[in-house]
Amino acid sequence: MRVNGPKGELSERISRDIEVVQDGDRLLVSRPTDRGEHRALHGLTRSLVANMVQGVTDGYEKRLEIQGSATGHS
């Protein structure tokens with residue numbers, strides 16, 4: 001699967017058992033059965049696709065919190 005947007009392009013291999021179809025401005029992820037393996041792949045694929053779309057449209061942000069005292073140790 002390949003996703004393009006203003007921030008670039010991302011691609012990811014997805015399982016042959018999972019189907020991703022574009023329906024207008026939506027991407028639909030479906031699985032062939034309700035077995036545990038297919039349900040897990042469905043959830044993983046849905047998360048990967050959502051993160052890829054966010055990455056090529058909004059980009060990613062990492063926030064770090066720095067903790068410690070201003071005096072330091074000598």
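**His 38 and its surroundings**

Is His 38 buried or exposed? In this predicted model, His 38 has a relative accessible area of 6%, and because values under 20% count as buried, His 38 is classed as buried. The residue is found in helix H1, which covers residues 36-57.

Leaving aside residues up to four places away in sequence, His 38 touches Asp 17, Ile 18, Arg 31, Pro 32 and Thr 33. With one of these residues, Asp 17, there is also a polar contact, made between the side chain of His 38 and the side chain of Asp 17 at 3.3 Å.

**The S3-S4 hairpin**

Strand S3, made up of residues 19-23, pairs with strand S4, made up of residues 26-30, in the antiparallel sense, and the pairing runs over five bridges. Within this pairing, Val 21 has Leu 28 in S4 as its bridge partner.

The two strands form a hairpin in which two residues lie between S3 and S4. Gly 24, which is in the turn, has a positive phi of about 70 degrees.

**Salt bridges**

Side chains of opposite charge can pair when their charged atoms come close. A search of the whole structure finds five salt bridges, and three of them are described here, each with the accessibility of both partners.

Arg 2 forms a salt bridge with Glu 9, in which the closest N and O atoms are 2.8 Å apart. Arg 2 counts as exposed, at 56% relative accessibility, whereas Glu 9 is partly exposed, with a relative accessible area of 48%. In another salt bridge, Arg 26 is joined to Asp 23, and here the closest N and O atoms are 3.6 Å apart. That separation still qualifies because a salt bridge is counted within 4 Å. Arg 26 is partly exposed at 48% relative accessible area, and Asp 23 is likewise classed as partly exposed, at 41%. In terms of the hairpin, residue 23 belongs to the range given for S3 and residue 26 to the range given for S4.

**Arg 31 between two settings**

Arg 31 appears both in the contact list of His 38 and in a salt bridge with Asp 34, where the side chains meet at 2.7 Å, taken from N to O. Arg 31 is partly exposed, with a relative accessible area of 33%, while its salt-bridge partner Asp 34 is exposed, with a relative accessible area of 53%. The buried residue His 38 therefore touches a residue, Arg 31, that is itself partly exposed.

Methods:
Residues are numbered from 1 along each chain as its sequence is written. This is a predicted model: local features need pLDDT of at least 70, side-chain atom pairs count only at pLDDT 80 or more; totals for chains, interfaces and linings use all residues. Side-chain values use heavy atoms; hydrogens and water are left out. Helices (H or I, at least four residues) and strands (E, at least two) are DSSP runs, numbered from the N terminus. Buried means under 20% relative accessible area, exposed over 50%, partly exposed in between (1.4 Å probe, protein chains only). A polar contact is a pair of N or O atoms within 3.5 Å; within protein, one must be able to donate a hydrogen and the other to accept it, and residues adjacent in sequence count only if both atoms are side-chain atoms. Contact means heavy atoms within 4.5 Å. Two strands pair if DSSP finds at least two bridges between them.
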